[in-house]
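Biologist: I'm new to this one. Could you walk me through it, one question at a time?

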Amino acid sequence: MTQDTPPPTLRPMTEQDLPALHALTVEVGWAHRPEDWRFVYEVGDGVVACDGAGRVIGSALWWAFGTDFGTVGMIIVSPRLQAKGTGRRLMRWLFDQAGARVLQLNATPAGLRLYRSEGFREIGRIHQHQGPVQSLPVVAALRRVRPIAAGDWPRIRALDLEAYGAERSAALDGLAARSLGYGYQAANGELAGFSLCRPFGRGHVVGPIVAPDEAAAIALLQPHLEEHTGRFLRVDTPDDGAFADRLAAAGLARVDTVATMRRGDRPAPSAAARTFGLISQALG
């Protein structure tokens, strides 16, 4: 953008923008398919930046999880255009929409400076594991894993709320129509964890994965590994222990690590259930 070029205009994202938004992710080398864009659009709210000809050159979305929390993601500005300040303008549009909510995001190194300047602070790490599934060691707790049934969804929503600490029913409802899943039964027969798998990017992604401990999370991962042997699978996880080791042993190498950042404070979620796999880096 030259000195004489007017700054991009911002407007609410619409369904008609989806093809241009997919082209934008292709331009920056992200793996999102058109259907991946449709999902994040359907369960969130977004803004686009347009050049003087009306072409989409930037994007940002946010997702409201209850009345006091939300996540931010899909913040992209075309590298072909020197849209100085566009990323900050997109962020501040989201802030206006979110109001007083605490906001969270997962930041690539390129965005850290901007996010810090807008009040986000680092609170953790997310590790991206992916690759063709290659190895399937025996998992002891697999006997407690079964396919999810239609009647499990109220319990799944409750478990996700317990583990994540925010109401994500709209996102889970969107996943229900796109995913295959498994549940983990406790000794008393109650559902104590779950894992969902859906098409994404270059293959499939497993997430969210919610479990009471690492052994249960590994058991919930196992059937997805078996179903995708030799095929591309991805898991985004905050774990850096036995669960992450299991991913690597199955051929899902750690290829990237991003910073989880938060703007504002919120109570820590319950320790009775933990999130071992994200829906996505954007939605958390």
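Biologist: Which residues touch the most other members of the largest nonpolar core?

Modeller: Happy to start there, and keep in mind that this is a predicted model. The largest nonpolar core has 36 residues. Within this core, the residues that touch the most other members are W37, W63 and L283.

Biologist: Which element gives the most residues to this core?

Modeller: Several elements give two or more residues to the core, including α1 (18–28), α2 (34–42), β3 (56–64) and α6 (169–176). Also among them is α5 (153–164). With 5 residues, the element that gives the most is α5.

Biologist: What does L283 touch, leaving out residues up to four places away in sequence?

Modeller: L283 was one of the three residues that touch the most other core members. Leaving out residues up to four places away in sequence, L283 touches F39, V40, V43, W63, F65, T71, Y164, R168 and A171.

Biologist: How many residues are in the other core that lies apart from it?

Modeller: V206, A216, A217 and L252 are among the members of this other core. Its residue count is 24.

Biologist: Are α5 and α6 parallel, antiparallel, perpendicular or oblique to each other?

Modeller: Their axes are 10 Å apart, and the helices pack at an angle of about 135°. Roughly perpendicular ends at 115 degrees and roughly antiparallel begins over 145, so an angle between these limits falls in the remaining class. α5 and α6 are therefore oblique.

Biologist: How many nonpolar, polar and charged residues are in the contact of α5 with α6?

Modeller: On the α5 side are W153, I156, R157 and D160, which meet S169, L172, D173 and A176 of α6. By class, they divide into 4 nonpolar, 1 polar and 3 charged.

Biologist: And where α1 meets α2, how many residues of each class are in the contact?

Modeller: The axes of α1 and α2 come within 9 Å and cross at roughly 115°, and the crossing is right-handed. L18, L21, H22 and T25 of α1 make the contact with P34, W37, R38 and Y41 of α2. The classes come to 5 nonpolar, 2 polar and 1 charged.

Biologist: One last residue: is L233 buried or exposed?

Modeller: L233 lies in strand β11 (residues 232–237). Beyond its neighbours within four places in sequence, L233 is in contact with residues including H129, V133, C197, V206 and L252. Buried means under 20% relative accessible area. Because its relative accessibility is 0%, L233 counts as buried.

Methods:
Residues are numbered from 1 along each chain as its sequence is written. This is a predicted model: local features need pLDDT of at least 70, side-chain atom pairs count only at pLDDT 80 or more; totals for chains, interfaces and linings use all residues. Side-chain values use heavy atoms; hydrogens and water are left out. A nonpolar core is a set of buried Ala, Val, Leu, Ile, Met, Phe, Trp, Tyr and Cys residues joined through side-chain atoms within 4.5 Å. Buried means under 20% relative accessible area, exposed over 50%, partly exposed in between (1.4 Å probe, protein chains only). Helices (H or I, at least four residues) and strands (E, at least two) are DSSP runs, numbered from the N terminus. Contact means heavy atoms within 4.5 Å. Axes are lines fitted to C-alpha atoms, for helices over the stretch in contact, and angles run from 0 to 180 degrees between N-to-C directions. Angles under 35 degrees count as roughly parallel, over 145 as roughly antiparallel, 65 to 115 as roughly perpendicular and the rest as oblique. Ala, Val, Leu, Ile, Met, Phe, Trp, Tyr, Cys and Pro count as nonpolar, Asp, Glu, Lys and Arg as charged, and the others, Gly among them, as polar. A crossing is left-handed if the near helix is turned anticlockwise from the far one by less than a right angle, and right-handed if clockwise.
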